[in-house]
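Colleague: I'd like a close look at one part of this model, the helix packing, and then how the rest of the chain fits around that. Could you walk me through it in one go?

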Amino acid sequence: MKKVSIIFLLGISSLVFSQKVSKVSESKSSGDKALLVEADNSKAALEEKKRIAAEEKAKLPKPYDPKADAQKDINNLIAKAQKENKNILLQAGGNWCIWCLRFNQFVQTTPELKEIVDNNYLYYHLNFSPDNKNEKVFAQYDNPGDKFGYPVFIILDKNGKMIHIQRSDVLEQDKGYSKEKVMEFFNNWTPKS
């Protein structure tokens, strides 16, 4: 009888143990599925972000002209800046760059910023794109886009001398730009400063 009891206990123990292992296996399997679902959700979230960004980009004005003769335009701006005693603000980037488009829109729709720009600068969008990289023009300014990305801002005095290069990432806030930081940047490089 003792042998039967021991065998019975061993049998029950085996059964209980195998059920626990089975549950662990199931939870791991469902956990794997959960991880796969999470990965699919993050992929879906990324696709959704891309879609939203594309919609935003489509709605924003496109200020860059890949066909423009940038050197000729800058030479004309220098002549005008001398007459008007203004500096030149070159916003380097392209219509492909959502942060470039956001910055332009931000300046154009924020009255305090637009006023500072209009009173102190000639604002030009220096194109960098596969259509026109403006390599000779960018070389004059030590290719700041290669170092800092786009947009990048190049400030010229009224004589066309480069006096400042500004990275844009330090002006960003959330999915846009900080009015206070941009205002400080603009005010620091006016002809009067």
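Modeller: I'll start with the helix packing, move on to the cores, and finish with a few single residues.

Keep in mind that this is a predicted model. For orientation, the protein chain has seven helices and six strands. Reading along the sequence, their order is α-α-β-α-α-β-α-α-β-β-β-β-α.

Now the helices. Two packed helices are described by the angle between their axes and the distance between the axes. Take α3 (residues 98-109) with α4 (residues 111-120): what are the crossing angle and the distance there? The two axes come within 5 Å and cross at roughly 90 degrees, so α3 and α4 are roughly perpendicular to each other. On the α3 side, the residues are Phe-106, Val-107, Gln-108 and Thr-109. They meet Pro-111, Leu-113, Lys-114 and Val-117 of α4. Sorted by class, that contact has five nonpolar, two polar and one charged residues.

Helix α3 also packs against α7 (residues 179-188), with axes that come within 12 Å and cross at roughly 80 degrees. That angle falls in the 65 to 115 range, so α3 and α7 are roughly perpendicular to each other too. Here α3 brings Phe-103, Phe-106 and Val-107, while α7 brings Lys-179, Val-182 and Phe-186. This contact divides into five nonpolar residues, no polar ones and one charged. If you are following along in the viewer, look for Phe-106 and Val-107: they belong to the contact with α4 and also to the contact with α7.

Phe-106 is a good way into the cores. In soluble globular proteins, nonpolar side chains tend to be buried together. In this model, Phe-106 is part of a core of 16 residues, which also includes Ile-116, Ile-155 and Tyr-177. That core is separate from the largest nonpolar core, which has 22 residues. In the largest one, the residues that touch the most other members are Ile-74, Ile-88, Leu-90, Tyr-124 and Leu-126. Which elements give two or more residues to it? They are α2 (70-84), β1 (87-93), β2 (121-127), α5 (135-140) and β3 (152-156). Of these, α2 gives the most, with five residues.

Leu-90 shows what this looks like from a single residue. Setting aside neighbours within four places in sequence, Leu-90 is in contact with Ile-74, Tyr-124 and Leu-126, and also with Tyr-141, Val-152, Phe-153, Ile-154 and Leu-156. Across the protein chain, 70% of the contacts between residues at least 6 apart in sequence join residues at least 24 apart. As for burial overall, 34% of the 193 residues are buried.

Next, two residues you might want to click on. Is His-164, in strand β4 (residues 162-167), buried or exposed? His-164 has a relative accessible area of 18%, and the cut-off for buried is under 20%, so His-164 counts as buried. Its side chain makes a polar contact with the side chain of Gln-166, at 2.9 Å. Beyond four places in sequence, His-164 touches Phe-153, Ile-154, Ile-155, Phe-185 and Trp-189.

Lys-175 is another one to look at, in the loop between β5 (172-173) and β6 (176-177). At 65% relative accessibility, Lys-175 is exposed. Lys-175 still touches Trp-99 and Arg-102, again leaving out residues up to four places away. Lys-175 and Trp-99 are 76 residues apart in sequence, but their C-alpha atoms are 8.7 Å apart in space.

Last, some backbone geometry. Most residues other than glycine have a negative phi, and most peptide bonds are trans. Where does this chain have a cis peptide bond? It joins Tyr-150 and Pro-151, with omega about 0 degrees; Pro-151 sits in the loop between α6 (144-148) and β3. Two asparagines have a positive phi. Asn-85 has phi near 55 degrees and lies in the loop between α2 and β1; its relative accessibility is 45%, so Asn-85 counts as partly exposed. Asn-143 has phi of about 45 degrees and lies in the loop between α5 and α6. With 28% relative accessibility, Asn-143 is partly exposed as well.

Notes
Residues numbered from 1 in each chain as written. Heavy atoms only, no water. Axes fitted to C-alpha atoms, helices over the stretch in contact; angles between N-to-C directions. Helix = DSSP H or I, 4+ residues; strand = E, 2+ residues; numbered from the N terminus. Parallel < 35°, antiparallel > 145°, perpendicular 65-115°, else oblique. Contact = heavy atoms within 4.5 Å. Nonpolar A, V, L, I, M, F, W, Y, C, P; charged D, E, K, R; others polar. Core = buried A, V, L, I, M, F, W, Y, C linked by side-chain atoms within 4.5 Å. Buried < 20%, exposed > 50% of the residue type's maximum accessible area, 1.4 Å probe, protein only. Polar contact = N/O pair within 3.5 Å; in protein donor to acceptor, adjacent residues only side chain to side chain.
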